[in-house]
Amino acid sequence: MLAARPRFSRPLAAATFLAPLLVLLLLWEGLVRGFGVDPRVFPNVESVARAGFDTLQDGSLLRHVGASLGRVAVGTALAIVISIPLGVAMGLSPVVSGFLTPLFRFFSVLAGIAWIPIATLWFGYGFGAITFVIFNAVFFVVAYNTLLGVASIPLPLRHAAASLGAGGWTMLTQVLLPGALPNIVTGVRTGLGFAWRGLIAAEMIATNVGLGYMLFLARDFYRTEVIVFGMIVIGILWLLIDRLLLAPLERATIERWGMVHRA
Amino acid sequence: MTLLLKAWGLYARLTARYPAIRSIVPFIPVVALWAAVAEAEVFPRAFFPGPLEVARSFVSLVYKGILPDYLEDSLLRLAVGTAAGMALGIPLGVLVGLNARARAMLWPVLLFFQAIGDIAWLPILLIWFGFSLTTMTFVIVYTVLFPVVLNTALGVRRVPVELHRAARSLGASHARVVWEVVLPGALPNIMTGLRNGLGYGWRALIAAEIIVGTSGIGFLMFDARRAGSVVEILLGMIVLGLLWYIVDSWVLAPIERATGQRWGLVTQ
């Protein structure tokens, strides 16, 4: 999704990246002060900073962030561990993958938020339901993409490997997985995007700890400074996950195996 | 075994003639399995109803007029939100793509706001606009906007600079270059952005309907959840899935294919 930025030295790049955000911050402060906006409508910078400091000090921020990230980690890890082998197995035969593709498309469309109502009914409010929502947001998207990835490996490549004496394991690790890797990584990135949104939504509805809950609780008391602070935390966390974890992964696999072109 | 092969042969021939069958038949065993599990009462019936009950509730909700009404509400919100998101997103994307200064200024801001995510806006929107249509529309516009802006900018920058210069040296004005060179060149990317945006917007709509809760398919599902009616939740999920399947494969995919073939700049 990102166009390559020109490569300056690192500090300079960081500065050009941060400067517009700083301008935004000044604009925000200026507007709120200049027009005397009611703090219940939009808070000023100082109160948001104080809210951040307070939640940091009493440990509640850490508790909410920890709960949210824990759920994402458990749900995503579980989904990836199950969906990749399944996707590879399904993608092996063109007949099977052709048959299953519509099914997985259907379910990856539903992935995530649409499962919240039934997940809360099956698992009750709390950790189980939310982890389930994240699990299936990632699961179907990754399984579907793995299936597509394996199915798109040219058959001659597999035949060539087999005729050169590759056994099942060598075939899997040398041909199938590397060939499907760009698709798998794309799947993980998309799935996590859905899961992150699903997490926030599910936490607003179905729990008593987590970032989404923190926002929604603050709404009840018209504490806009806590809401805005929470939104900033959510934004920064996602930027960190995306930039530090997903983007490098994607770049590495795509450059290394070079089978997909970025759309 | 021969019977199975024969059946498979028949299926292969049928799908060759009517490709639509290929996207319907795979669901038959799934529904059969679902019915079998429900009949065997592996899980309590109230938690895991069978397809027949869901079909029956579909008929009754359609008969009462609830389902068509809610469906209309959801689709209208999605359509209005998407249209507004595109109307804002494409010009912004062209601006960011063409102008280096605008890009340096806006790109970090865009990335940051994209990262905040639509649903995190719900609490503060509820304070601003209450439990209203504005809240839901805002969320959808917001969701659709970013994938469209980012992808449009990407597409605009992919148009080779030689094409700009060629059009300019043949006497085209800046506006004409944008209209006849840049936009068509970026169209495949814009479509990709629209498709991504709709994928996210769709989910945002469901979440907004659950939380704001006045009408719509998301509301139908959560209302059923409150009443403990799994049948209606499942019905809602199936309707959502089918609807998106139809929109995606009959509207978006053909448009994407057409723009890709017509302008031939997509790489996939």
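1. In this predicted model, helix H5 of chain A crosses helix H6 of chain A with a right-handed sense. The two helices, residues 116-123 and residues 127-151, pack at about 140°, and their axes lie 8 Å apart. Because of that angle, H5(A) counts as oblique to H6(A); the cut-off for roughly antiparallel is over 145 degrees.

2. If you would like to look at the residues behind this crossing, H5(A) brings A:Ile116, A:Ala119, A:Thr120 and A:Phe123, while H6(A) answers with A:Gly128, A:Ala129, A:Phe132 and A:Val133. Sorted by class, the contact has 6 nonpolar and 2 polar residues, and no charged ones.

3. Now to the contact between the chains. Chain A contributes 48 residues and chain B contributes 50 residues. On the chain A side, the elements that give two or more residues are H1 (10-35), H4 (94-110), H5, H8 (168-206), H9 (211-220) and H10 (224-257). So which element of chain A gives the largest share of the side that touches chain B? That is H10(A), with 9 residues.

4. The make-up of that same side is worth a glance too: 38 of its residues are nonpolar, 6 are polar and 4 are charged.

5. One backbone detail deserves a friendly flag. A:Tyr222 sits in the loop between H9 and H10 of chain A, and its phi is near 55°, a positive value in a residue that is not glycine. Most residues other than glycine have a negative phi. As for its surroundings, A:Tyr222 counts as partly exposed because 14 other C-beta atoms lie within 10 Å, where 20 or more would make a residue buried and 12 or fewer exposed.

Conventions: Residues are numbered from 1 along each chain as its sequence is written. Chains are lettered from A and ligands numbered from 1 in the order in which they are written. This is a predicted model: local features need pLDDT of at least 70, side-chain atom pairs count only at pLDDT 80 or more; totals for chains, interfaces and linings use all residues. Axes are lines fitted to C-alpha atoms, for helices over the stretch in contact, and angles run from 0 to 180 degrees between N-to-C directions. Helices (H or I, at least four residues) and strands (E, at least two) are DSSP runs, numbered from the N terminus. Angles under 35 degrees count as roughly parallel, over 145 as roughly antiparallel, 65 to 115 as roughly perpendicular and the rest as oblique. A crossing is left-handed if the near helix is turned anticlockwise from the far one by less than a right angle, and right-handed if clockwise. Two residues are in contact if their C-beta atoms, placed from the backbone, lie within 7 Å. Ala, Val, Leu, Ile, Met, Phe, Trp, Tyr, Cys and Pro count as nonpolar, Asp, Glu, Lys and Arg as charged, and the others, Gly among them, as polar.
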